[in-house]
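I opened this notebook to keep track of what I looked up in the structure, one topic to an entry.

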Amino acid sequence: MLVYSSNFVLDHTSDPQKVIELIARWMGKPSSTFIPVKELMQGITRKRLKDGSFVTSQATKFDIAAASYPFIFSAEFSHGDDQVPGRLWTTGIGLRQLEADKPVECTFLLRTDEASARVQAPIRVTRPRIVLDVVSNCQPVCETPGLNIKLLDVSSARAFLAEVEREGRSNPIVVISPKRDGTYLISPERMQSLLVGIADVVKVVPGVDTFELEKVLGRRYGAWGGAINVLYRAKVGRKGIYCDNSLYLPNKLTDLAEEGVSLDSEILSAVTHQTNVPASWRHISLSVVAQEVLRAQLTKAVENAKLNNDGSEYIQLLEDAMDQLSDKDLFIKELQDQVQERDGLITELESNVHGLKYALAGARQTAIASDDDGWKVIQPLRDSISAVVDGAPTLEQSLSIIQTLFPDRIVVLDSAFSSARESESFLYGKKAFNFLWKLAVGYWPAMAKGVGDSEGYKVFGSKNYAQNEGSALTSEGKRRRIFDYKGREIVMEKHLKIGVKDSAAETLRVHFEWIDADKVLVVGHCGKHLDF
């Protein structure tokens, strides 16, 4: 299985021999074996080390005293898995330098081989240590993806958006946002060290105004409140430039961590799932070096044959063999381009299909994958509407209807649904539904027009609506009225009210707030009276 593949370019001042020295030390370290650099450069045929691992290498001719170019080198290091019998890990490293003053191309590839189908233990995606060794001790060119962490705030938002939608951008971008306390669920520095060479890491600055960021970026490209957004390569579709993404919300990341999943590995696997195959095509493998050695030998044989006036038929055969090698390279490149083009078309078509299913189902959060799934969405809504018609909807059913019918006006937080379920015994469901309906069709239009908050008294009546809690509110009471919306703490003192008894069956408070940046009303609580 292909686990990891990357490639990047080192500055022309970098010495290939220094890179091979790093490779030799890295290969020998687990078994405390000294591997001579000269031996690696001359070529090793599956050498067994003291711990049972194997080293193989091949290179074109390279003499420090009289170097010849192009210089191409490849090595492989294979070892068993300490935890999973029957699994072999192989790391491949390749180098290519066309001329002495030209940059050095580096490629890396990690794969596993299983002894049989019985080896079914999951593979933890990782990055070989040698990648970081090369990056730290050599000089990658400044264009290398992930070389440095980039910061995202309001001032850099437009430049970030331009990069995301830049035609020709082939490397993914991983956006990591902080939690409310300013910390990150995954260390941006750790992710940068794992993704160097394959993806850029962008860190949302703690304390940034996420509403202003969303105005520029939209919801698709941003990340807030501890979420992580993986933005894949830019593509050109029929409707312009777009890119697919994988959004990891904070609760999903927390659930994965509780299940024992390494979050670092999870994000790395999401990125490499998209980048591995194209990167592996560029890998400088042992067979690539062998082919180059053969080409050099054929070239030399043709030259010698011409100098020695050997038979023209022999020369023609050698030249035909060289042409066949070149034609094979071109043919493989054309096939790879076709695969990438078709993959892009398939991805675009799949996105269109999901979008259509999403629209038809009316679901805001997830695309509908089948008719059965569509029924699962429709069934609760049908039951909720039936309850309204019967005059006895629960608070949760009322919230579901309002959220579904007015997704552009009303946002119902999970905390509101939770409090509604706790007040399932509330007796005046029809009245509560009417209040929520007026919130969407009466109060929202007034706020959208900028009429002012006093409109609430006209819509609901002075006995049923309050702009704030007054002076009786304690600091603890204020804390109870703070709700999380897109990573920001929103104090919701505005509320609708029914009853005054200390009873979940007869008293209701609906706390909400107008978010002008999004033009939506956010409902944070729909249940019993919150203590002052």
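Entry 1, aromatic rings. Before listing any cluster I noted the rule for a pair: rings of Phe, Tyr and Trp (its six-membered ring) pair if their centres lie within 6.5 Å. The model I am reading is a predicted one. With that rule, a search of the whole structure gave me 13 aromatic pairs. For the pair of Tyr 457 and Tyr 465 I found ring centres 5.1 Å apart and planes at 75°, so I entered this pair as edge-to-face, given that planes over 60 degrees apart count that way. I then looked up the cover of each partner: Tyr 457 is partly exposed at a relative accessible area of 33%, whereas Tyr 465 is buried at 1%. Both belong to one aromatic cluster, which is formed by Phe 435, Tyr 443, Tyr 457, Phe 460, Tyr 465 and Phe 512.

Entry 2, the sheet that holds Tyr 465. Following Tyr 465 into its strand, I came to an open sheet of five strands with mixed pairing, in the order E14-E20-E19-E18-E15. Strands E14 (410-412) and E15 (465-466) stand at the edges with a single partner strand each, so one side of each has no neighbour in the sheet. From E15 I crossed to strand E18 (residues 495-498), which pairs with E15 in the antiparallel sense over two bridges, and there Leu 496 is the bridge partner of Tyr 465. Leu 496 also has a bridge partner in E19, namely Val 510, and E18 and E19 are antiparallel over four bridges.

Entry 3, strand E19. Which residues cover the two faces of E19? I listed Leu 508, Val 510, Phe 512 and Trp 514 on one side and Arg 509, His 511, Glu 513 and Ile 515 on the other, all of them buried, in keeping with a count of eight buried residues out of eight for the strand (residues 508-515). Seven antiparallel bridges join E19 to strand E20 (residues 520-527), where Val 522 is the bridge partner of Glu 513. The hairpin of E19 and E20 has four residues between the strands, and in it I noted a positive phi near 55° for Lys 519.

Entry 4, nonpolar cores. I turned next to the largest nonpolar core, which has 57 residues, and wrote down Met 27, Leu 40, Phe 73, Phe 108, Val 134 and Leu 195 as the members that touch the most others. Helix H1 (residues 16-28) gives the most to this core, with seven residues. Apart from it lies another core, of 32 residues, and Phe 435, Leu 508, Leu 521 and Cys 526 are among them. For Met 27, leaving aside neighbours within four places in sequence, the contacts include Ile 35, Leu 40, Leu 49, Val 55 and Ile 93, as well as Glu 76.

Entry 5, polar side chains. Is Asn 229 buried or exposed? I found Asn 229 in strand E10 (residues 228-231), buried at a relative accessible area of 0%, with its side chain joined to that of Asn 245 by a polar contact of 3.0 Å. For comparison I looked up Thr 404 in helix H12 (residues 395-405), which is partly exposed at 34% and has a polar side-chain atom 2.8 Å from the backbone oxygen of Ser 400.

Entry 6, a charge over a ring. Lastly I noted that the charged end of Arg 46 sits over the ring of Phe 54, 3.8 Å from its centre.

Conventions. Residues are numbered from 1 along each chain as its sequence is written. This is a predicted model: local features need pLDDT of at least 70, side-chain atom pairs count only at pLDDT 80 or more; totals for chains, interfaces and linings use all residues. Side-chain values use heavy atoms; hydrogens and water are left out. A nonpolar core is a set of buried Ala, Val, Leu, Ile, Met, Phe, Trp, Tyr and Cys residues joined through side-chain atoms within 4.5 Å. Buried means under 20% relative accessible area, exposed over 50%, partly exposed in between (1.4 Å probe, protein chains only). Contact means heavy atoms within 4.5 Å. Rings of Phe, Tyr and Trp (its six-membered ring) pair if their centres lie within 6.5 Å; planes under 30 degrees apart count as stacked, over 60 as edge-to-face and the rest as tilted. A charge sits over a ring if NZ of Lys or CZ of Arg is within 6 Å of the ring centre and within 35 degrees of the ring normal. A polar contact is a pair of N or O atoms within 3.5 Å; within protein, one must be able to donate a hydrogen and the other to accept it, and residues adjacent in sequence count only if both atoms are side-chain atoms. Two strands pair if DSSP finds at least two bridges between them.
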